Amino acid sequence: MDQSYLPSVIKQFEYYKSLGDKTIAQLSFDDLQKEFAQVSNSIAIIVKHLVGNMLSRWTHFLTEDGEKEWRQRDDEFNDDFKSKDELLANWNKGWDCLFKAIKPLSENQLEQVIYIRNQGHTVTEAINRQMMHYAYHIGQVVFIGKLIKGPHWASLSIAKGQSKGYNIDKFQQDKQRTHFTDDL
């Protein structure tokens, strides 16, 4: 088994969390609650959904189905946060649950079968499924944040028009094996 998978996915999850953290930091509580259309979700609602998913999927994930009986998924799409601090506390609670579940895993547990809504997944498949789900929603969070901030948005990646300079800097460095998030 490849010994780099678990450290890599942990870094990848940390990266996606950091994108959410940096987006939320740029926005006011009113911004976080902004819905662009009646059928769209605000960042606050997306955060609430992600937290509900994380708590359900990662609590006792090796021994219990990932869709917990106590989860109220439909309620995740109602924004009832009272403050940005409350939203952040919930955001961090979800991520803490995820990291507490995956950081202690060993490589030999990756082929263990777990269940989400009675559908069997290896631990690797479940991790990949959730990572892509979170990346999808965090992409929405970042996009909404950019729409709200407009020209006042602080870029979280290579800013428009800066690719050439970024690449020149990277190609002046010696080749080495690193994770792309190591210097973020």
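These legends walk through several close-up views of one predicted model. Residues are numbered from 1 along each chain as its sequence is written, and side-chain values use heavy atoms, leaving out hydrogens and water. Because the model is predicted, local features need pLDDT of at least 70 and side-chain atom pairs count only at pLDDT 80 or more, while totals for chains, interfaces and linings use all residues.

**Figure 1. The whole protein has 6 helices and 2 strands.** Read from the N terminus on, the elements follow the order α-α-α-α-β-β-α-α. Helices (H or I, at least four residues) and strands (E, at least two) are DSSP runs, numbered from the N terminus. Along the principal axes, the C-alpha atoms fill a box of roughly 50 × 45 × 25 Å. Of the 184 residues, 41% are buried; here buried means under 20% relative accessible area, exposed means over 50%, and partly exposed lies in between, with a 1.4 Å probe and protein chains only. Take the contacts (heavy atoms within 4.5 Å) with a separation of 6 or more: 73% of them join residues 24 or more positions apart.

**Figure 2. Strands β1 and β2 form a hairpin with 2 residues between them.** The strands, β1 (113-116) and β2 (residues 119-122), run antiparallel and are joined by 4 bridges. Two strands pair if DSSP finds at least two bridges between them. One bridge partner to look for is Gln 119 in β2, which faces Ile 116 in the pairing. In the turn, Arg 117 has a positive phi of about 55°. Asn 118, in the loop between β1 and β2, also shows a positive phi, about 65°, although it is not a glycine. Asn 118 counts as exposed because its relative accessible area is 67%.

**Figure 3. Thr 122 sits in strand β2.** This residue counts as buried because its relative accessibility is 14%. Leaving aside residues up to four places away in sequence, Thr 122 touches Leu 110, Glu 111, Gln 112 and Val 113.

**Figure 4. Helix α5 covers residues 123-149.** Its end C-alpha atoms are 38 Å apart, which agrees with the 39 Å that its 27 residues should span at 1.5 Å a residue. The expected span is 1.5 Å times one less than the number of residues. Just after α5 comes Gly 150, whose phi is positive, near 55°.

**Figure 5. His 60 lies in the loop between α3 and α4.** Its phi is positive, about 50°, although His 60 is not a glycine. His 60 is partly exposed, since its relative accessible area is 49%.

**Figure 6. One cavity turns up in a search of the whole structure for cavities of 30 Å³ or more.** On a 1 Å grid over the protein atoms alone, a cavity is a set of points where a 1.4 Å probe fits but cannot get out, and a pocket is an open set with protein on both sides within 12 Å along at least five of seven lines; lining residues have an atom within 4 Å of a point. Grid points are joined across faces, edges and corners, and a volume is the space filled by probe spheres set on the points. The largest cavity holds about 50 Å³ of space. Its lining includes Arg 57, Trp 58, Phe 61, Ile 114, Tyr 115, Ile 116 and Ala 126. The elements that give two or more residues to this lining are α3, β1 and α5, and β1 gives the most, with 3 residues. By class, the lining of the cavity has 6 nonpolar, 2 polar and 2 charged residues. Ala, Val, Leu, Ile, Met, Phe, Trp, Tyr, Cys and Pro count as nonpolar, Asp, Glu, Lys and Arg as charged, and the others, Gly among them, as polar.

**Figure 7. The largest pocket contains about 280 Å³ of space.** Among the residues that line this pocket are Tyr 166, Lys 170, Phe 171, Asp 174, His 179, Phe 180 and Asp 183. Its lining is made up of 3 nonpolar, 4 polar and 5 charged residues.

**Figure 8. The second largest pocket contains about 240 Å³ of space.** Look for Lys 48, Val 51, Leu 55, Trp 70, Arg 71, Phe 81 and Glu 86 among its lining residues. Two or more residues of the lining come from each of α3 (43-58) and α4 (84-102). Helix α3 gives the most, with 4 residues. The lining of this second largest pocket divides into 4 nonpolar, 3 polar and 5 charged residues.
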